[in-house]
Amino acid sequence: MQEKELKKYEEIGNWDFSDIQYIVEQESSWDFYKEIAKYSNKNSLLLDLGTGGGEKVLSLMPEAGMIIATDFSSKMIETANKNKENFPNKNIKFVTMDNLNMKFPNNLFDIVTARHTIIDAVQIYDCLSNNGILILEGVDKFDCWELKTLFNRGQAFNDKISICQKDYEDIKNAGFSKVHLEKIIQYEYYKTENDLLALLLKTPILDDFSELDISSKNQIEKDLFDTYVSTHTTEKGIELKRVLYGIVAQK
Ligand SMILES: C[S@@+](CC[C@H](N)C(=O)[O-])C[C@H]1O[C@@H](n2cnc3c(N)ncnc32)[C@H](O)[C@@H]1O
């Protein structure tokens, strides 16, 4: 169990960024929800892993017959159930469950989705029906790389093998027949310093939750932050280059 991460996500209690003002410019055309829409229909049974406070699954997930959405943080699931009240017609159940210790029968789901969360490829393979589809979006080691280099730390900064490559290999080794990996580059422009700071304080971009001391609060060094802002301020806002990846795999 990832105790430090769980503690941090319990403290945060939602994955809502609507207070942060920023715009996104996509360099790649791959889109997580558009990919899901290619496979999902009104009869699909869909599992969304590490769903957070349900913010995205409630508003962006394409049509499905039934959605089960899980998270190991019971605080996140509590938030998700509150958020669900604004989507009375969505056929969705939120359940507290660890992605690394899933409790579903084999061959159950038509589609499993996972966005920015840890996965166990073998457990996903087992709970997917034959020809079932896994769609995931992950955050790569090289995400926000200039920022991480300046601070000399950050999520996956010291990983020997990039997360993207590891997920790809784990999924192939789990037995999936077709596995497609796509690199996603996008530029985010934060309206003010406070918007960027709010992002960095809430997410594990700089202070990887798995490495945080449970009692410590994450600290953003002001001098380094100011250097980043002064060297990355553009007409559109403060630029942050995101490096993500998408994987679509068929059982
Ligand atoms: C970065 S947030 C992403 C939330 C949501 N998928 C989204 O894209 O907005 C990661 C979520 O994964 C959850 N998580 C992390 N490790 C987990 C695990 N082992 N089992 C289940 N959920 C986990 C966290 O509690 C958190 O809500």
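Which residues does E10 touch, not counting residues up to four places away in sequence? I looked this up before anything else, and found that E10 touches S73 and K75, where contact is taken as C-beta atoms, placed from the backbone, lying within 7 Å.

Before going on, I note that this is a predicted model, in which local features need pLDDT of at least 70 and side-chain atom pairs count only at pLDDT 80 or more, while totals for chains, interfaces and linings use all residues. Residues are numbered from 1 along each chain as its sequence is written.

Entry on E10. I find E10 in helix α1, where helices (H or I, at least four residues) and strands (E, at least two) are DSSP runs numbered from the N terminus. E10 counts as partly exposed because it has 13 C-beta neighbours inside 10 Å; by the rule I use, a residue is buried with 20 or more other C-beta atoms within 10 Å of its own, exposed with 12 or fewer, and partly exposed in between, with C-beta atoms placed from the backbone. I also looked up A198, which is 188 residues from E10 in sequence and 18 Å from E10 in space, C-alpha to C-alpha.

Entry on the ligand. I counted a residue as near the ligand if its C-beta atom, placed from the backbone, lies within 6 Å of it. There are 20 residues around the ligand, and Y9, G50, G52, F72 and N99 come nearest. The shell divides into six nonpolar, eight polar and six charged residues, with Ala, Val, Leu, Ile, Met, Phe, Trp, Tyr, Cys and Pro taken as nonpolar, Asp, Glu, Lys and Arg as charged, and the others, Gly among them, as polar. Helices α1 (3-12) and α3 (55-60) each supply at least two residues of this shell.

Entry on V57. Helix α3 also holds V57, which counts as buried because 25 C-beta neighbours lie inside 10 Å. Leaving aside neighbours within four places in sequence, I find V57 in contact with D48, T51, I67, A69 and I92.

Entry on helix α4. In α4 (residues 74-84) I find M76, I77, T79 and A80 buried. They lie on the same side of α4 because they cover an arc of only 160 degrees around the axis, the arc being that of the directions from the helix axis to the C-beta atoms. S74 and K82, on the other side of α4, are exposed. What covers the buried residues of α4 includes α1, β3 (66-71) and β4 (92-96).

Entry on strand β6. I looked at β6 (residues 128-139) and found nine of its 12 residues buried. With β5 (residues 109-115), β6 pairs in the parallel sense over six bridges, pairing needing at least two DSSP bridges between the strands, and I111 stands opposite I133 in β6. From β5 the chain crosses through helix α5 (residues 121-127) to β6, in a right-handed β-α-β crossover; right-handed here says that, with the strands pointing away from the viewer, the path from the first strand over the helix to the second runs clockwise. With β9 (residues 237-250), β6 pairs in the antiparallel sense over seven bridges, and L134 stands opposite A249 in β9.

Entry on backbone angles. Most residues other than glycine have a negative phi. H116, however, has a positive phi of about 55 degrees; H116 lies in the loop between β5 and α5.

Note on methods. Contact = placed C-beta atoms within 7 Å.
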